[in-house]
Amino acid sequence: MKQKYFLKFILLMAIGVFTSFNMSAQGLENFNNSAATASYLSNSFTGNNGIVWSYVASRDENGDDNDAGIDGNALMLRRSSDNSAVSATGIPNGIGDFSVTLYKGFTGNGNRQVELFINGVSKGTSVAFDDADDKDKYTFSVSGINIDGAFDLEIRNVTSKQVIVDDITWSEFGAALSTDSFNKLDVNVYPNPVTNGEVFIKSSNGEEKNVEVYNILGRRLISTKVNANDKIDVSNLNAGIYLLKINEGEKQLTKKIVIK
């Protein structure tokens, strides 16, 4: 019975929506269904859990041209003068905490920065960034929003430079954003995407860890143990998206990996 519910949890993560498992309901938009192309346009698409997202003066992620490690599709916002933004209305179940991953779009110099609006009210602005090597990613988080019921969410570019938005995450009203608990396990997983059939798992301690790999249907394909600096062989897996689960005592990390 426990295995059945765990597999259901993995499947729901894969399609980008968390339900009420462990009192940690969470939403996610990963842009896998994005309609964005290589041209700056205004359009909409139905994302994870049936939520409709609209974007203005935006395009695709340019194939991770900066080699920043973008996982799958993402959305590039053009500039503030074009009112470039991505938004959704009537998202159910309220919002507690919020997080989004940001990357530098293209290589031109200049700060990148976005602002979060909930129900038309500003909830904060990300730290401005302009990387010399263009390869870093940033997490913009806002905690304690705490709005019950359906809500509107908008992420707006407030600079004149392109910024890439990916993996919008929020906890439902009254629930903790589960990413925080995952991050308690200090583990570095690389490379991602995987191109040579090996995934390295590096940690700051020598504790043994249980590692499992699941496909998007929740089927466990690999189960093994690793130490502080170790690797797992995924060369027998087909190209695609998988979920990597790492356990060390009561701590855990669940990460999406792409195998090419």
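Is Arg112 buried or exposed, given its relative accessibility? At 0% relative accessibility, Arg112 counts as buried. Here, buried means under 20% relative accessible area, exposed means over 50%, and partly exposed is in between (1.4 Å probe, protein chains only).

Some ground rules before going on. This is a predicted model, where local features need pLDDT of at least 70, side-chain atom pairs count only at pLDDT 80 or more, and totals for chains, interfaces and linings use all residues. Residues are numbered from 1 along each chain as its sequence is written, and side-chain values use heavy atoms, with hydrogens and water left out.

**Salt bridges**

The structure holds nine salt bridges, a salt bridge being a side-chain nitrogen of Lys or Arg within 4 Å of a carboxyl oxygen of Asp or Glu. Here are three of them:

| Acid | Base | N to O distance |
|---|---|---|
| Asp60 | Arg59 | 2.7 Å |
| Asp130 | Lys104 | 2.7 Å |
| Asp130 | Arg112 | 3.9 Å |

The bridge between Asp130 and Lys104 links distant parts of the chain: Asp130 is in the loop between strand S8 (121–125) and S9, and Lys104 is in strand S6, 26 residues apart. Strands (E, at least two residues) and helices (H or I, at least four) are DSSP runs, numbered from the N terminus. Asp130 is partly exposed at 30% relative accessibility, whereas Lys104 is buried with a relative accessible area of 2%.

Asp130 also bridges to Arg112, which lies in the loop between S6 and strand S7 (114–118), 18 residues apart from Asp130. Elsewhere, bridges with shared partners join Arg78, Arg79 and Asp82 into one network. As for Asp60 and Arg59, both are buried.

**Aromatic rings**

There are seven aromatic pairs. Rings of Phe, Tyr and Trp (its six-membered ring) pair if their centres lie within 6.5 Å; planes under 30 degrees apart count as stacked, over 60 as edge-to-face and the rest as tilted. Phe31 and Phe45 make a tilted pair, because their planes sit at 50 degrees, with the centres 6.0 Å apart. Phe31 is in the loop between strand S1 (26–29) and strand S2 (41–46) and Phe45 is in S2, so the pair ties together parts 14 residues apart in sequence. Phe31 is buried at 0%, and Phe45 is buried at 5%. Ring pairs also link Phe31, Phe45 and Tyr55 into a cluster.

Finally, the charged end of Arg156 sits over the ring of Phe117, 3.9 Å from its centre; that takes NZ of Lys or CZ of Arg within 6 Å of the ring centre and within 35 degrees of the ring normal.
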